[in-house]
Every structure is written in structure tokens, then in C-alpha cells.
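Visitor: I am new to this structure and would like a close look at a single part of it. Please take one strand residue, say what is around it, and then work outward from there.

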Amino acid sequence: MQKRRIALIVLLPILAGCSGSRDYFPLDKGRVWTYSVRSGLAKNVVDVKVTGEVPVGNTNGFRLEGPLGVSRVGWSGDRLITDLMPNTRIAPPITILAPKEKKSVQWQGFVETMGKSVAAKGVLTQSPAKMKIGTQPYDTILAKLEIKIGDRKMELKTWYAQEIGPIMQEQRTINSSGVSELDIGLTYLGSR
């Protein structure tokens, strides 16, 4: 029996405007982020590029493209939302970053992958976090999104640095014993 995984990688539902909360996603059409990606024993370097504007829910957003797929993100007030991650549609859009929120953000809706739509629930929690990549220190917001999709649990942790965007991301599957397994991880290498 083949094990199916939902690609929740926001690969990096990255980006948006230019003030306050939006500083955590500097966005310009053509902007490119480079990440080291690890999955199992494989390790690759990939670029994620902002390729244009698209609707996301009821707001204007941006299309992000990379070798792992396409994502769509947009700012709804001070919340960064997504309705499309690689190989995964989400309805209604889910909040993946809310820098000004002091409490958790709840979500309930449907996740569609491989043509099948499944009821899902999620919760986003955030906290300030110090992060170091190589010798470079960063002050970040750690956004932890936990989603229950049918009988499966997924966890997406993303560290956002001002003026850069996501500098690290980990997607994990949580088994019935509560043990998490890394599905895919991304580490920021640079942007242009």
C-alpha cells in the first residue's frame, strides 16, 4: 500500500508588501529566494520566485514558483494567507503568519490533494525565536501550523525574518504515537 503525503510545503508562501507585518515578506515581482532542501537522504538547492499577482481568497496575492510546485499567498489585513501549496488546494484560505496576533489562530475547512477533498482543522501559534544559519544570527517569528487532515496530523514550522521572509521551514508528519518525522526541510541561502 502506497503511503500518500499531502505536500503542505508552503514552499514558501512567501511574500507580500512593505510595512509592519508585511516586512516579514518583502515582495517584488521577480524576487528570488534560494534554499537548501532536504528530504530523506536527498539534499538539493532550489530557487523560489515571485512570478506575478493572483487572487487568494478575497484578496490580491502572489504566485510563487519553484521545482517543488506552485504556491499562492496574500495579505488579508495583517494575516498572510494561502489557498494553494504545491499539489494542495485549501478552502477557505488558511493563515500561515499573523505577526501582530498574540493568541492562536484557528482554521477549519477542506484540503484537496490528488483530486480528493478532505475535511481538516488547523491552529497557528507563533512566538519570537532566535535562529542562526551558519554564523548569521536572525531574530525571527516562529509560526507553527498544526493541521489535522482526516486521520493524519501534519506540522509546518516556518521561521520568518524581517526584510527576508522565511529563512527556515520544516514539514513533519506526526504518527499516531505522537512521534514526528521530517518530510522536508528548507534552509535559506540567499535572495536576489
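Guide: Beyond its neighbours within four places in sequence, I174 is in contact with K153, E155, V179 and S180. I174 itself belongs to strand β11, which covers residues 165-174. Another residue to find from here is E146: its C-alpha lies 9.7 Å from that of I174, with the two positions 28 residues apart in sequence. The model is a predicted one, and its mean pLDDT over the protein chain is 87, with 90% of residues at 70 or more. Residues 1-19 should be read with that in mind, since their pLDDT stays under 50. The model still has 87 contacts beyond four places in sequence for residues 1-19.

Strand β11 also leads to a salt bridge. A search of the whole structure finds 10 salt bridges, and one of them joins R38 to E170, with the closest N and O atoms 3.6 Å apart. R38 is in strand β1 and E170 in strand β11, so this pair ties together parts of the chain that are 132 residues apart in sequence. E170 is buried, at a relative accessible area of 13%, while R38 is partly exposed at 28%. The cut-off explains the two labels: buried means under 20% relative accessible area, so 13% falls below it and 28% does not. R38 and E170 are also linked with R172 in a network of salt bridges.

From R38 one can move along strand β1, which spans residues 32-39 and includes T34. T34 is buried, with a relative accessible area of 14%. The side chain of T34 makes a polar contact with the side chain of R192, at 3.4 Å. Setting aside neighbours within four places in sequence, the residues in contact with T34 include V45, V46 and D47, as well as T187, Y188, L189 and G190.

Y188 appears again beside the next residue of interest. The structure holds 1 aromatic pair. Y35 and Y188 form this pair edge-to-face, 6.2 Å centre to centre and with 65° between the planes. The pair links distant parts of the chain, as Y35 is in strand β1 and Y188 in strand β12 (residues 180-191), 153 residues apart. Both partners are buried: Y35 has a relative accessible area of 1%, and Y188 has 11%.

Elsewhere, two further salt bridges involve strand β5. The side chains of D83 and R72 meet at 2.7 Å, N to O. D83 lies in strand β5 (residues 79-85) and R72 in strand β4 (residues 69-76), so the pair ties together parts 11 residues apart in sequence. D83 is buried, with a relative accessible area of 10%. E101 forms a salt bridge with R79, the closest N and O atoms being 3.3 Å apart. Here R79 is in strand β5, and E101 is in the loop between β6 (88-97) and β7 (105-113), 22 residues away in sequence. E101 is partly exposed at 26%, and R79 is partly exposed at 29%.

The whole chain gives the setting for these details. The protein chain has 12 strands and 0 helices. Buried residues make up 50% of its 192 residues. Of the contacts between residues at least 6 apart in sequence, 42% join residues at least 24 apart. The chain exposes about 9,800 Å², with carbon and sulfur atoms supplying 49% of that area.

Key
Residues are numbered from 1 along each chain as its sequence is written. This is a predicted model: local features need pLDDT of at least 70, side-chain atom pairs count only at pLDDT 80 or more; totals for chains, interfaces and linings use all residues. Side-chain values use heavy atoms; hydrogens and water are left out. Helices (H or I, at least four residues) and strands (E, at least two) are DSSP runs, numbered from the N terminus. Buried means under 20% relative accessible area, exposed over 50%, partly exposed in between (1.4 Å probe, protein chains only). Contact means heavy atoms within 4.5 Å. Accessible areas come from the Shrake-Rupley method with a 1.4 Å probe; for residues, only the protein chains shown count as cover. A polar contact is a pair of N or O atoms within 3.5 Å; within protein, one must be able to donate a hydrogen and the other to accept it, and residues adjacent in sequence count only if both atoms are side-chain atoms. Rings of Phe, Tyr and Trp (its six-membered ring) pair if their centres lie within 6.5 Å; planes under 30 degrees apart count as stacked, over 60 as edge-to-face and the rest as tilted. pLDDT is the predictor's confidence in each residue, from 0 to 100. A salt bridge is a side-chain nitrogen of Lys or Arg within 4 Å of a carboxyl oxygen of Asp or Glu.
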